[in-house]
Amino acid sequence: MTTLYDAIVLGAGGAGLMCAATAGQRERRVLLIDHADQPGKKILISGGGRCNFTNIHTAPDRYLSANPHFAKSALSRYTARDFIDLVDRHGIAWHEKTLGQLFCDGSARQIVAMLMEECAKGAARVSLGKPVRDVEHADGQFRVRYGELTASAPALVIATGGPSIPKMGATGFAYDLARKFGLKVVEPRPALVPLTLGGDEVLFRELSGVATEVVARAGKAAFREAALFTHKGLSGPAILQVSSYWRHGEPVGIDFLPASGRHWLLDAKRERPRTHFHTLLGERLPGRLAEALTKRLGLWGELANMPDRKLEEAERRLADWQFSPNGTEGFAKAEVTAGGISTDGLSSRTMEAKRVPGLYAIGEGVDVTGWLGGYNFQWAWASGWAAGQAL
């Protein structure tokens with residue numbers, strides 16, 4: 001027996017929940033399906049369990065996509081302010097951390113409960129713990145077999161996310177389904193992910209646990225935040241940010257002293273000639289890091305005994321220290337997936353596939369990837385709302 005709906009949403013993550021709630025409250029009969037036994041699993045672990053649910057500085061230029069203009073429509077029509085208003089209506093207390101990042105005062109569970117309540121308000125049916133076994137399309141209807149049940153609807157929404165954090169049950173299902181219906185997929189890759197070091201740079205792994213504020217650069221992107229040395233390589237917010245822009249074979253540049261002005265070493269030589277180089281560096285950086293960089297630069301002794309040209313070269317290297325990552329820690333440690341279902345085949349206003357009427361794709365599974373700090377959740381809310389308005 002097949003149950004009929006107006007729309008079937010696959011995936012009860014942020015985008016799927018928002019879409020189902022929005023469409024349901026527009027009096028659409030909605031079925032929301034997820035193979036997991038609970039909704040919003042990535043929401044629950046985000047922000048250390050407090051959910052960095054949006055960013056007040058959300059703007060299209062903070063997203064990566066083969067089409068940088070694609071996200072503009074959805075982001076402008078459902079803004080960070082709109083989601084904050086929803087959070088406020090549910091009485092969820094929140095606070096702003098650095099760089100416009102908003103977190104729950106309490107728990108990420110409040111955001112999931114809020115979205116489930118919004119789904120209930122729209123009478124959306126939620127089916128959990130039943131994997132999708134098959135999806136067919138004929139005569140303008142999408143037929144979905146899930147568990148031992150079958151449902152049919154003229155609209156199907158792909159909201160199953162990307163393969164980042166597979167231990168949470170994440171898979172590439174969205175891409176398989178998109179290809180089945182003739183949609184192109186931009187090669188998926190881990191994003192917001194730690195970078196690994198090998199070769200001669202393995203020595204830096206000895207600094208595991210050391211963190212400092214830097215400017216990290218990859219390609220044309222640069223971010224000033226903390227970097228963290230790990231037993232595998234480089235992590236921390238600055239590194240996660242540039243990882244989305246980094247490509248294999250390219251270097252990552254680190255300015256270890258972004259607060260120091262030009263010629264700071266020569267000025268120090270004039271003002272404090274008897275100071276040892278590693279002592280001076282240790283005043284600006286964590287001790288272990290200062291010592292490791294001093295070793296690499298080979299500058300032992302008093303500043304007075306060092307030629308100006310050597311100090312100028314050291315200043316240049318410290319302002320743009322070149323690392324050559326040999327890879328990333330992969331989808332297992334990636335916060336999101338870059339790439340995904342090509343935006344070329346989708347309407348930027350409705351998220352509907354141009355060549356397959358009734359098929360929609362939203363959230364992380366689409367080739368739109370935000371910066372670290374709540375931007376990807378805002379894309380989930382905005383794209384989910386856009387599709388929910390169109391269903």
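A residue counts as buried when its relative accessible area is under 20%, as exposed when that area is over 50%, and as partly exposed in between. By this scale Asp267, at 26% relative accessibility, counts as partly exposed, and the same scale will be used for the other residues met along the way. The structure discussed here is a predicted model.

We can begin with the overall form. The protein contains 12 helices and 23 strands, and its C-alpha atoms fill a box of roughly 85 × 40 × 35 Å, taken along the principal axes. Of its 391 residues, 54% count as buried, while the surface that the protein exposes amounts to about 17000 Å², with carbon and sulfur atoms supplying 50% of it. When contacts between residues at least 6 apart in sequence are considered, 72% of them join residues that are at least 24 apart.

From there we can turn to the interior. The largest nonpolar core has 123 residues, and those with the most contacts inside it are Phe83, Ile111, Phe256, Phe277, Trp379 and Trp381. Helix α12, which spans residues 375-390, gives the most to this core, with 9 residues. If residues up to four places away in sequence are set aside, Trp381 touches Gly14, Met18, Ile43, Phe53, Tyr78, Phe83, Ile111 and Leu115. Apart from this core lies another, of 6 residues, among them Leu192, Leu240, Ala338 and Leu372.

Charged side chains form the next part of the picture. The protein has 47 positive and 41 negative side chains, and the centres of the two sets lie 2 Å apart. Side chains of opposite charge can pair when their charged atoms come close. A search of the whole structure finds 18 salt bridges, and three of these pairs can be followed in turn.

In one of them, Lys42 is paired with Glu364, and the closest N and O atoms are 3.1 Å apart. Lys42 lies in helix α2 (residues 41-45), whereas Glu364 lies in the loop between β22 (359-361) and β23 (369-370), so this salt bridge ties together parts that are 322 residues apart in sequence. The two partners fall into separate classes of accessibility, because Lys42, with a relative accessible area of 24%, is partly exposed, while Glu364, with 19%, is under the 20% limit and is therefore buried.

Another salt bridge joins Glu213 and Arg224, whose closest N and O atoms are 2.7 Å apart. Glu213 belongs to strand β15 (residues 211-218) and Arg224 to strand β16 (residues 221-229), so the pair ties together parts that are 11 residues apart in sequence. Here Glu213 counts as partly exposed, at 42% relative accessibility, and Arg224 is partly exposed as well, with a relative accessible area of 45%.

The remaining pair brings us back to Asp267, which forms a salt bridge with Arg270, the closest N and O atoms being 2.4 Å apart. Both residues lie in helix α8 (residues 264-271), where they are 3 residues apart, about one turn of the helix. Arg270 is exposed, because its relative accessible area of 62% is over the 50% limit, whereas Asp267, at 26%, counts as partly exposed. Elsewhere, salt bridges that share partners join Arg81, Asp85 and Asp88 into one network.

Key. Residues are numbered from 1 along each chain as its sequence is written. This is a predicted model: local features need pLDDT of at least 70, side-chain atom pairs count only at pLDDT 80 or more; totals for chains, interfaces and linings use all residues. Side-chain values use heavy atoms; hydrogens and water are left out. Helices (H or I, at least four residues) and strands (E, at least two) are DSSP runs, numbered from the N terminus. Buried means under 20% relative accessible area, exposed over 50%, partly exposed in between (1.4 Å probe, protein chains only). Contact means heavy atoms within 4.5 Å. Accessible areas come from the Shrake-Rupley method with a 1.4 Å probe; for residues, only the protein chains shown count as cover. Lys and Arg count as positive and Asp and Glu as negative; His and the chain ends are not counted. The place of a charge is taken as NZ of Lys, CZ of Arg, CG of Asp or CD of Glu. A nonpolar core is a set of buried Ala, Val, Leu, Ile, Met, Phe, Trp, Tyr and Cys residues joined through side-chain atoms within 4.5 Å. A salt bridge is a side-chain nitrogen of Lys or Arg within 4 Å of a carboxyl oxygen of Asp or Glu.
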